Amino acid sequence: MRPNIKKLDPLARLAYEALDDLKGQDITVLDVTKLTTVTDTMIICTGTSNRHVKSLAQNVAEEAKHAGYQPLGLEGTEQGEWVLVDLGGVVVHVMQVQARAFYQLEKLWAVADEAEAPVEAKPKKKPAAKKAATGKSKPAAKPATKKAPARTAAKKPAVRKAAVKKAAKPAAKKAPARKATRK
C-alpha cells in the first residue's frame, strides 16, 4: 500500500523514496503533528536483516545530506535491529520484523488518535427510590451478591491438626551418641 507521496513534504518524500529504492518493506508514513511537538512525520519501515536495516538507514541519511538536509542523529547502527534516523521534522524508524512486531509503533500512535475521538454521552441513572403518594420513599432493592462460603468450625481443627502433625515429625532420626570407652 503506497501512500500518496505527492502530498508529503519534501523531506518526508525524500526519506520515503530512499527507503523504497533499497526495497524497504511495509513502509508506513504517520502524520503526528497533532500528537507531539518533537516531529511532524514518522516513517516506519521493515528490513529483512541487520545488514539491510543498516543500509536502509544509511541511504536515508546520505540522500538527506545530498539534498541539503543535515541529519540530527543516527542511532542503533551497531546492532542493526532498530535504527532511528532523526531528520528533525521527519523521524525514520527502520526495524527488523521481530522488533517491529514487538514494539508495534503504529499501534502506539494509533492509541492517541482514538483518544481524540468524541465520547458518547452516558444515559442518566434512574433514581434509586421512588416516592409514593404519601411522600415517603421506598427502599431500593439491593442486587443479590454472592458471598464467600463461611468456614465451618469442623474444617478449622482438621487443618490445624494436619499442620501440627507435620511440624511434630522430626526431620531425620539421629543415631544415639556413642560413649567413649577406655581400655
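## Report on a predicted structure

Strands β4 and β5 form a hairpin in which three residues lie between the two strands, and Gly-88 in this turn has a positive phi of about 90°. The model described here is a predicted one. Gly-89 also belongs to the loop between β4 and β5. With a relative accessible area of 30%, Gly-89 is partly exposed, because the partly exposed class lies between the limits of 20% and 50%. The C-alpha atom of Gly-89 is separated by 9.5 Å from that of Thr-37, although the two residues are 52 residues apart along the chain.

### Overall organisation

The secondary structure of the protein comprises five helices and five strands. Along the sequence, these elements follow the pattern α-β-β-α-β-β-β-α-α-α. The protein has 183 residues, of which 27% count as buried.

### Strand β5 and its partners

Strand β5 covers residues 90-96. How many of its seven residues are buried? Seven of the seven are buried, and the strand is accordingly described as mostly covered. The side chains of β5 can be sorted by direction: Val-90, Val-92, Val-94 and Gln-96 point one way, whereas Val-91, His-93 and Met-95 point the other way. The residues of both groups are all buried.

Strand β5 pairs with β2, which consists of residues 41-47. This pairing is parallel and extends over seven bridges. Within it, Ile-43 stands opposite Val-92 of β5.

Strand β5 also pairs with β4, which consists of residues 82-86. Here the sense is antiparallel, and the pairing extends over five bridges. Leu-84 has His-93 in β5 as its bridge partner. Val-92 and His-93, the β5 residues named in these two pairings, point in opposite directions from the strand.

### Salt bridges

Side chains of opposite charge can pair when their charged atoms come close. In this model, the count of salt bridges comes to two.

One of them joins Asp-26 and Arg-100, with the closest N and O atoms 3.6 Å apart. Why does this pair tie together parts that are 74 residues apart in sequence? The reason is that Asp-26 lies in strand β1 (residues 25-31), while Arg-100 lies in helix α3 (residues 97-103). The other salt bridge joins the side chains of Glu-106 and Arg-100, at 2.3 Å from N to O. Through shared partners, the salt bridges join Asp-26, Arg-100 and Glu-106 into one network.

The three members of the network fall into separate accessibility classes. Asp-26 is exposed, because its relative accessibility of 54% is over the limit of 50%. Arg-100, at 7% relative accessibility, counts as buried, because buried means under 20%. Glu-106, with a relative accessible area of 24%, is partly exposed.

### Two residues with positive phi

Asp-26 and Gln-104 are residues with a positive phi although neither is a glycine. The table sets out the value and the location of each.

| Residue | Phi | Location | Relative accessibility |
|---|---|---|---|
| Asp-26 | about 50° | strand β1 | 54% (exposed) |
| Gln-104 | about 45° | loop between α3 and α4 (105-115) | 34% (partly exposed) |

Asp-26 therefore appears in two parts of this report: as an exposed residue with a positive phi, and as a partner of Arg-100 in a salt bridge.

### A negative surface patch

Which residues form the negative surface patch? The patch is formed by Glu-17, Asp-21, Glu-62 and Glu-63. Two helices contribute to this patch, α1 (10-21) and α2 (50-66), and each supplies at least two of its residues. Glu-17 is found in helix α1. At 33% relative accessibility, Glu-17 counts as partly exposed. This value also satisfies the requirement for membership of a patch, because patch residues have over 30% relative accessible area.

Definitions and conventions:
Residues are numbered from 1 along each chain as its sequence is written. This is a predicted model: local features need pLDDT of at least 70, side-chain atom pairs count only at pLDDT 80 or more; totals for chains, interfaces and linings use all residues. Side-chain values use heavy atoms; hydrogens and water are left out. Patches are made of residues with over 30% relative accessible area and no salt bridge: like charges are joined within 9 Å, nonpolar side chains (Val, Leu, Ile, Met, Phe, Trp, Tyr) within 5 Å. Accessible areas come from the Shrake-Rupley method with a 1.4 Å probe; for residues, only the protein chains shown count as cover. A salt bridge is a side-chain nitrogen of Lys or Arg within 4 Å of a carboxyl oxygen of Asp or Glu. Lys and Arg count as positive and Asp and Glu as negative; His and the chain ends are not counted. The place of a charge is taken as NZ of Lys, CZ of Arg, CG of Asp or CD of Glu. Helices (H or I, at least four residues) and strands (E, at least two) are DSSP runs, numbered from the N terminus. Buried means under 20% relative accessible area, exposed over 50%, partly exposed in between (1.4 Å probe, protein chains only). Two strands pair if DSSP finds at least two bridges between them.
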